[in-house]
Amino acid sequence: MFSSVAPLVRLNPFHVPHLQLQQEGISLRKRPADSVEPPCTRRSLAAASVNEEYSCEYGSLKFYALCGFGGVLSCGLTHTAVVPLDLVKCRIQVDPQKYKSIFNGFSVTLKEDGVRGLAKGWAPTFIGYSMQGLCKFGFYEVFKVLYGNMLGEENAYLWRTSLYLAASASAEFFADIALAPMEAAKVRIQTQPGYANTLRQAAPKMFAEEGIWAFYKGVAPLWMRQIPYTMMKFACFERTVEALYKYVVPKPRSECSKGEQLVVTFVAGYIAGVFCAIVSHPADSVVSVLNKEKGSSALEVLKRLGLKGVWKGLFARIIMIGTLTALQWFIYDSVKVYFRLPRPPPPEMPESLKKKLGLTE
């Protein structure tokens, strides 16, 4: 088992292209001169296998639209499913004296609000994260193709991690603008007992008190939380999938069944989710407190919480985000399979680059 895991540890997701080329060059040169390399089943970043029949072309309008729909399902359904855990996590962040741990938080909530109380905020969660998923996954595919074409095939391969980071950050910028109003309403419902029980009650009340600012005052902290989260989510996932097929899965991706490929997707998604939770948790704590209070700024909340306070509820968030991210990638990839969308395999070094580096004859 450890022999399979060790290479994964060495494979830093943010690998420097120069070091990676050295490693790949050594492995290519080690092959016997008379050995015949099998036909490459994995091509460039934006390429798709020609052995399958797809419902649309990679990078077409239909492709982007269905990817956005996959994002709606993957984010909307999963975030709504974990509303009870999210509710307890938010309450731990804003009132750690009353809600001391996950189990204590569930116990107190059940005593005060009953089982129905655990579902508070489900409507803004579903609407908000569906909109976020539409922009996050849909725009990620758009920006990945756009930036990849700008770089060219060789540079897109060499700097693919930077490409994933840039594409995901760009997509999340727009996704958070779509999410912010519903996130603000959700936090008010979940963390202020007696304020409102439903979205229909919360939205008009928030608008009457603070105007449109009530819905967008948390967008900057959302960017602080979600952009690093999404950059880690996509870059770590992409590179983990690449590493799993290279070091762990005993056969090429082209020989794996659709079910086996989805298992790899789920595992890579969970690994990415753990790192996502850690990277974005301090900003998540600030967002939770900021949306609960009137007239506070992100900097004021950050100073008040301190270094220890921003990490409250981390364990709950690791469980939630790890599971969430794995399920999101699984659902998203399943939608691609169902609609027969192009699913490019992990990238391999372009032949033109191999020739330039003298790695092939």
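UniProt positions are given here in the numbering used for this chain, and such annotations may be inferred rather than shown by experiment. With that in mind, the unreviewed UniProt entry marks residues 262–283 and 314–332 as "transmembrane region". The structure itself is a predicted model. The chain has 15 helices and zero strands.

**The chain as a whole**

- The chain holds 361 residues, and 52% of them are buried.
- About 17,300 Å² of the chain is exposed. Carbon and sulfur atoms supply 65% of that area.
- Take the contacts between residues at least 6 apart in sequence: 79% of them join residues at least 24 apart.

**The two annotated spans**

- Residues 262–283 are 100% helix and 0% strand. The C-alpha atoms at the ends of this span lie 31 Å apart.
- Residues 314–332 are also 100% helix, with 0% strand. Here the end C-alpha atoms lie 26 Å apart.
- Both spans come from the UniProt record, under the label "transmembrane region".

**Gln261 in helix H12**

- Gln261 sits in helix H12, which covers residues 258–292.
- Is Gln261 buried or exposed? Its relative accessibility is 6%, so Gln261 counts as buried; the cut-off for buried is under 20%.
- The side chain of Gln261 reaches the backbone oxygen of Cys256, at 3.2 Å.
- Which residues does Gln261 touch, leaving aside its neighbours within four places in sequence? They are Tyr245, Arg253, Cys256 and Arg343.

**Salt bridges between distant parts**

- The model has 17 salt bridges.
- One of them joins Glu141 and Lys336, with the closest N and O atoms 3.0 Å apart. Glu141 is in helix H6 (residues 122–151), and Lys336 is in helix H14 (residues 314–338). The two residues are 195 residues apart, so this pair links distant parts of the chain. Both Glu141 and Lys336 are buried.
- Another salt bridge joins the side chains of Glu242 and Arg160, at 2.7 Å from N to O. Glu242 belongs to helix H11 (residues 219–248) and Arg160 to helix H8. This pair links distant parts of the chain, 82 residues apart.
- Glu242 has 9% relative accessibility, so it counts as buried. Arg160 is buried too, with a relative accessible area of 1%.

**A salt bridge at the end of H14, and a network**- Arg343 forms a salt bridge with Asp333, and their closest N and O atoms are 3.1 Å apart. Arg343 lies in the loop between H14 and helix H15 (351–356), while Asp333 lies in helix H14, so the pair ties together parts that are 10 residues apart in sequence.
- Arg343 has 9% relative accessibility and counts as buried. Asp333 is buried as well, with a relative accessible area of 12%.
- Arg343 also appears among the contacts of Gln261.
- Asp86, Glu183, Lys186 and Arg225 are linked in a network of salt bridges.

**A nonpolar patch on the surface**

- Phe139, Phe173, Phe174, Ile177, Phe207, Ile212, Trp213 and Tyr216 form a nonpolar patch on the surface. Together they have about 770 Å² of accessible area.
- Which elements give two or more residues to the nonpolar patch? They are helix H8 (160–191) and helix H10 (213–216).
- H8 gives the most, with three residues.
- Trp213, one of the patch residues, is found in helix H10.
- Why does Trp213 count as exposed? Its relative accessible area is 52%, and exposed means over 50%.

**Arg340 in a loop**

- Arg340 is found in the loop between H14 and H15. Arg343 lies in the loop between H14 and H15 too.
- The phi angle of Arg340 is near 55°. That is a positive value in a residue other than glycine.
- Arg340 has a relative accessible area of 45%, so it is partly exposed.

Key: Residues are numbered from 1 along each chain as its sequence is written. This is a predicted model: local features need pLDDT of at least 70, side-chain atom pairs count only at pLDDT 80 or more; totals for chains, interfaces and linings use all residues. Side-chain values use heavy atoms; hydrogens and water are left out. Helices (H or I, at least four residues) and strands (E, at least two) are DSSP runs, numbered from the N terminus. Buried means under 20% relative accessible area, exposed over 50%, partly exposed in between (1.4 Å probe, protein chains only). A polar contact is a pair of N or O atoms within 3.5 Å; within protein, one must be able to donate a hydrogen and the other to accept it, and residues adjacent in sequence count only if both atoms are side-chain atoms. Contact means heavy atoms within 4.5 Å. Patches are made of residues with over 30% relative accessible area and no salt bridge: like charges are joined within 9 Å, nonpolar side chains (Val, Leu, Ile, Met, Phe, Trp, Tyr) within 5 Å. Accessible areas come from the Shrake-Rupley method with a 1.4 Å probe; for residues, only the protein chains shown count as cover. A salt bridge is a side-chain nitrogen of Lys or Arg within 4 Å of a carboxyl oxygen of Asp or Glu.
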